[in-house]
Amino acid sequence: MTLRNPVHAALTGPHASFAEIRGHARRYPTAVAPFLALPDEPTEQDWVDAAVLVGPGKTAALMRPALPVPDSFKIEAEIDLVQFVAPASLPAADPEAVVLGPDDVPEMLALVALTDPGPFRSRTIELGTYVGIRRDGDLIAMAGTRFALPDHTEISAVCTHPSYQGQGLASRLIRTVAAHITAAGRTPFLHTGGANTTAIRLYNALGFTLSNRMKVTVVEAV
């Protein structure tokens, strides 16, 4: 069930040091990521603890196959998600890719705001290694690692400035991030929206295989 419940696997595994905890409910700090984690089969008490952890009127996101949400939460949005696992042949470090650090976060946030690859916040960079490509000093593409599971690491925040799309930069950065992941003895995987046909075509072309169909469910604690 690890890949079917990746946030829980991360926050009870390699990312346990990030976890804010109440009972069996866990979440990332809001400045790091918006995600909430529950066990594979949450109990009524798990949901009660999750509501307290999130806080009345506050929101969090579940990433897993859809499950019934009790009255202690209100569903704000549901987004179809597909999950892919990388082929063994994928990794290939790119000489133009540079490692991004804390000083680069303002530019990274600006690129994410322009391209909307998914949640990326002021401290998300703490979750792993992020790399980018610059042209004339400007950050024009990036990708990095987010959820760290016992045997897998997620490729995330794959985005390219609209002026530079169609040049293969995303493929190059995905391969570079995959090289970092496999060097650590892990298997790369990633997620994208179920309706994002452009990204799905890219991942299929790179040899990724579909592993799960999931939901991002944004919930508000009542």
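**View 1. The open three-stranded sheet of this predicted model.** The sheet has 3 strands in the order β1-β2-β3, and its pairing is antiparallel. Here strands are DSSP runs of E with at least two residues, helices are runs of H or I with at least four, and both are numbered from the N terminus. Two strands count as paired if DSSP finds at least two bridges between them. β1 (20-22) and β3 (36-37) sit at the edges with a single partner strand each, so one side of each has no neighbour in the sheet.

**View 2. Zooming in on β1 and β2.** β1 pairs with β2 (residues 25-27) over 3 bridges, in the antiparallel sense. Look for Arg22, which stands opposite Ala25 in β2.

**View 3. Helix α2 over the sheet.** Helix α2 (residues 44-54) lies across β1, β2 and β3 and runs at about 30 degrees to β2. That angle, on a scale from 0 to 180 degrees, is between N-to-C directions of lines fitted to C-alpha atoms, for helices over the stretch in contact; contact means heavy atoms within 4.5 Å.

**View 4. Pulling back to the whole chain.** You'll find 5 helices and 11 strands in the chain. Its C-alpha atoms fill a box of roughly 50 × 35 × 30 Å along the principal axes. Buried residues (under 20% relative accessible area, 1.4 Å probe, protein chains only) make up 50% of the 222 residues.

**Notes on the model.** Residues are numbered from 1 along each chain as its sequence is written. The model is predicted, with local features needing pLDDT of at least 70 and side-chain atom pairs pLDDT 80 or more, while totals for chains, interfaces and linings use all residues; side-chain values use heavy atoms, leaving out hydrogens and water.
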